[in-house]
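Me: Could you take a close look at one strand for me and walk me through what surrounds it? I'd like the pairing, the burial and then how the rest of the fold is laid out.

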Amino acid sequence: MAIINRGFGRRRPERPDGHRLPPGQYLTHDFPVLSAGPTPHADLPTWTFAVGDERSWTWEEFLALPAEEPTVDIHCVTSWSKLDTSWKGVSVDTLLAGLEVEQSDGFATAYCDGGYTTNLALADLTGGKAWVAYEYDGEPLPPEHGGPARLLVPHLYFWKSAKWVRGLRFHEEDEPGFWEGLGYHDRGDPWREQRYQGD
Ligand SMILES: Nc1nc2c(c(=O)[nH]1)N[C@H]1C(S)=C(S)[C@@H](COP(=O)(O)O)O[C@H]1N2
Ligand SMILES: [Mo]
């Protein structure tokens with residue numbers, strides 16, 4: 001029986017985590033805070049999360065939804081990446097289950113307390129790639145990082161992970177959000193270095 005081991009005899013030292021670092025990014029171990037304005041403070045008894053006009057959940061109802069605990073790498077357009085961040089939250093698939101938009105090739109705008117928005121293709125929000133997260137590292141999500149709840153879309157630059165998120169609106173056409181309207185890329189795939197419009 002032939003055992004083929006093509007790596008034998010020419011094993012290279014592995015660049016630690018190299019394969020997990022998108023182009024132009026460096027690793028950080030702390031957790032920087034990047035906010036375009038002041039941290040809003042949510043009132044949990046009146047907090048809701050809405051999906052279009054069809055659905056909304058109170059805070060209590062939201063916590064009762066089936067949750068997942070993703071551990072993911074995150075990449076900020078200002079060039080830091082952080083590996084193996086652990087979260088708890090509700091998959092966007094769960095929030096959209098059974099709605100017509102779930103299967104659509106349209107777009108969503110995530111909107112937030114404080115007025116921040118960001119646009120995403122529904123294809124980037126579905127298929128197990130996005131969550132509305134309310135815990136970080138086993139603790140309630142701190143306000144400066146988006147608590148009580150934030151969007152988590154780790155396969156795109158972190159500006160897409162809207163903090164203090166309150167809902168999703170749907171459109172047939174892509175509509176730029178806050179940073180996208182200021183020249184940042186519509187999609188923001190860190191592996192393709194889609195930092196600015198035209199990248
Ligand atoms: N509501 C809101 N969400 C936001 C932002 C913001 O200013 N407001 N900043 C974005 C940017 S540019 C980044 S890099 C991340 C930063 O998240 P962090 O502060 O938890 O690191 O949040 C994103 N989500
Ligand atoms: Mo950012």
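Here is a walk through one strand, followed by the other sheet and the cores.

Reply: Keep in mind that this is a predicted model. Let's go with strand E5, which spans residues 80-91. E5 is mostly covered, with nine of its 12 residues buried.

Now for the partners. Strand E4, residues 71-75, runs antiparallel to E5, and four bridges join the two. Within that pairing, Val-72 sits opposite Thr-85 of E5. E4 and E5 make a hairpin with four residues between the strands, and there Ser-79 takes a positive phi near 100°.

E8 pairs with E5 too, again in the antiparallel sense, this time over five bridges. If you want a spot to zoom in on, try Trp-87, which has Tyr-136 of E8 across from it. Then there's the short strand E1 (residues 26-27), which pairs with E5 over two bridges in the parallel sense. Here Leu-27 is the residue facing Ser-81 of E5.

Next, the open sheet. Five strands make it up, in the order E3-E2-E11-E6-E7, with mixed pairing. Strand E3 (55-58) and strand E7 (117-121) are at the edges with a single partner strand each, so each has one side without a neighbour in the sheet. From one strand to the next, the twist averages 20°. Further in, E6 and E11 run antiparallel and are joined by six bridges; in that pair, Tyr-111 stands opposite Gly-167 of E11.

On to the cores. The largest nonpolar core has 34 residues, and the ones touching the most other members are Phe-49, Phe-62, Leu-95, Leu-125, Val-132 and Leu-151. Several elements each put at least two residues into this core, including strands E2 (48-51), E6 (107-112), E8 (131-136) and E11 (165-171), along with helices H1 (59-63), H2 (92-96) and H3 (122-125). Apart from this core lies another one of 12 residues, and among its members are Trp-80, Tyr-136, Leu-152 and Phe-158.

Phe-49 is a good place to finish. Not counting neighbours within four places in sequence, Phe-49 is in contact with Arg-55, Ser-56, Trp-57 and Phe-62, among others. Its further contacts include Leu-95 and Val-132, plus the run of Val-165, Arg-166, Gly-167 and Leu-168. Gly-167 is the residue we just met, standing in E11 opposite Tyr-111.

Technical notes: Residues are numbered from 1 along each chain as its sequence is written. Chains are lettered from A and ligands numbered from 1 in the order in which they are written. This is a predicted model: local features need pLDDT of at least 70, side-chain atom pairs count only at pLDDT 80 or more; totals for chains, interfaces and linings use all residues. Side-chain values use heavy atoms; hydrogens and water are left out. A nonpolar core is a set of buried Ala, Val, Leu, Ile, Met, Phe, Trp, Tyr and Cys residues joined through side-chain atoms within 4.5 Å. Buried means under 20% relative accessible area, exposed over 50%, partly exposed in between (1.4 Å probe, protein chains only). Contact means heavy atoms within 4.5 Å. Two strands pair if DSSP finds at least two bridges between them. Axes are lines fitted to C-alpha atoms, for helices over the stretch in contact, and angles run from 0 to 180 degrees between N-to-C directions.
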